[in-house]
Amino acid sequence: MTDLHLHRGGRTPSAEPRRDPRLSALLRDLMGPVPMGDVDWDALAGRVGAAIRARQTPWWSYMQRWQRRALPLSLAAGAFGASILVHSWLTHPEALTSAPDMVSAVVAGAPVEHAATIFTHAVTSGTPYAADFLE
Amino acid sequence: MSPTDSPGPLDSSLADERRAVIERDAALVRRVRDGDSAAFDEIVKAYMRPVFQVAYRVVGHREDAEDLVQDCFLAAYQYLDSYDADRPFGPWITRIVLNRGANLRRSRARRATEPETDTVSPAPSALDEATRAEARAKLEEVLATLNERQRMIVTMCDVDGMTSSEIGERLDLAPGTVRWHLHEARRVLRRALARFIEDEP
């Protein structure tokens, strides 16, 4: 039983192989047809589309790229901020000490403009020109 | 080139049709790559039937095949950057189905599932139920010895009635290569199923 026409000197069949009806019948009987008619194609396409949209990269996932670097970066930013704070406290201590005066003035019911004047006066009192201007 | 491989008018029109499909797919893929995910819906609609057909032949179960189709289109979407748009899309996604389907089948090998009988309407058989069960077990055993390509080719040809050219187009193989695998697969199947074939009237 041969279903091949072979190339001379080779083993590649050169024509459409004849079907073996008995083997085909047995295979069809055992494997059955593909149940194309039982598939809801619209539903399947919808499922695929929904799965793809669910898998699409959300914008916040780009943050994940920075996940490993987030801790050292925030530590560095914190240290930088702290150094600025310390530096400004050393150079202008009145700027830091004046804030509580302003808060207590607001809490005590002083008008906002008055509280702002207290704060500005405290900050600028170290500067002769600004103090003269305010006086 | 043999006379059967020489291009005729029909082959020429098929080549034109094939080129048009490649161009259409390339345009759709470009749109997807540019961020238009709706274009992928068109790809899904164009290919889900042939993809399902292959998926069903790999896993042998309708619901598993539908899951496999979904999984393969997701994978295709995810790895779309690696797809060469100058090549036809069909064989590319068929390869994904064959690879993923083979993995799925292996991972589910322990789960003893009978092929669907409620949705499949088998042809009237001369074999009685006991012999059919035995033949089916033997067939599964021998199909497992074939490689994925041979299994798919012999199924597409002898069960689904496709020609070697059609199979070659679907799997991106030369028709001669398809015939060779078909010959090998049939040889193995005939030997293993000889008893059941001879029992047929």
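A polar contact is taken here as a pair of N or O atoms within 3.5 Å, and within protein one of the two must be able to donate a hydrogen and the other to accept it. By that rule, 11 residue pairs are in polar contact across the interface of chain B and chain A, counting pairs in which both residues have pLDDT 80 or more. The restriction on pLDDT belongs to the fact that this is a predicted model, and every value below is to be read as computed from that model.

The elements of chain B that give two or more residues to the side touching chain A are helix 2 (38-59), helix 3 (62-78), helix 5 (129-145), helix 6 (148-158), helix 7 (164-171) and helix 8 (175-199). Of these, helix 8 of chain B gives the most, with 12 residues. Sorted by class, the side of chain B that touches chain A holds 26 nonpolar residues, together with 16 polar and 16 charged ones.

Taken as a whole, the contact draws 58 residues from chain B and 41 residues from chain A. The two chains bury about 4600 Å² between them, and 63% of that area lies on carbon and sulfur atoms. Charged side chains also meet across the boundary, since the count between chain B and chain A is five salt bridges. One such pair joins Arg47(A) to Asp67(B), whose closest N and O atoms are 2.8 Å apart.

Helix 3 of chain B deserves a closer look. This helix has 17 residues and reaches 24 Å from its first C-alpha to its last, close to the 24 Å expected at 1.5 Å a residue. Helix 3 of chain B is also mostly covered, with 12 of its 17 residues buried. Among the buried residues are the charged Arg62(B), Asp64(B) and Glu66(B), and the nonpolar Leu68(B), Val69(B), Phe73(B) and Leu74(B) are also included. What do the buried residues of helix 3 of chain B pack against? Their partners are helix 2 (41-55) of chain A and, within chain B, helix 2 and helix 4 (89-107).

The setting for these contacts is a chain whose secondary structure comes to eight helices and zero strands, so that, by the DSSP runs used to assign elements, the order from the N terminus on is α-α-α-α-α-α-α-α. Of the 201 residues of chain B, 47% count as buried. Among the contacts in chain B with a separation of 6 or more, 67% are accounted for by residues 24 or more positions apart.

Terms used: Residues numbered from 1 in each chain as written. Chains lettered and ligands numbered in written order. Predicted model: local features only at pLDDT ≥ 70, side-chain atom pairs only at ≥ 80, totals over all residues. Heavy atoms only, no water. Contact = heavy atoms within 4.5 Å. Buried area = accessible area lost by both parts, 1.4 Å probe. Salt bridge = Lys/Arg side-chain N within 4 Å of Asp/Glu carboxyl O. Polar contact = N/O pair within 3.5 Å; in protein donor to acceptor, adjacent residues only side chain to side chain. Helix = DSSP H or I, 4+ residues; strand = E, 2+ residues; numbered from the N terminus. Expected span 1.5 Å × (residues − 1). Buried < 20%, exposed > 50% of the residue type's maximum accessible area, 1.4 Å probe, protein only.
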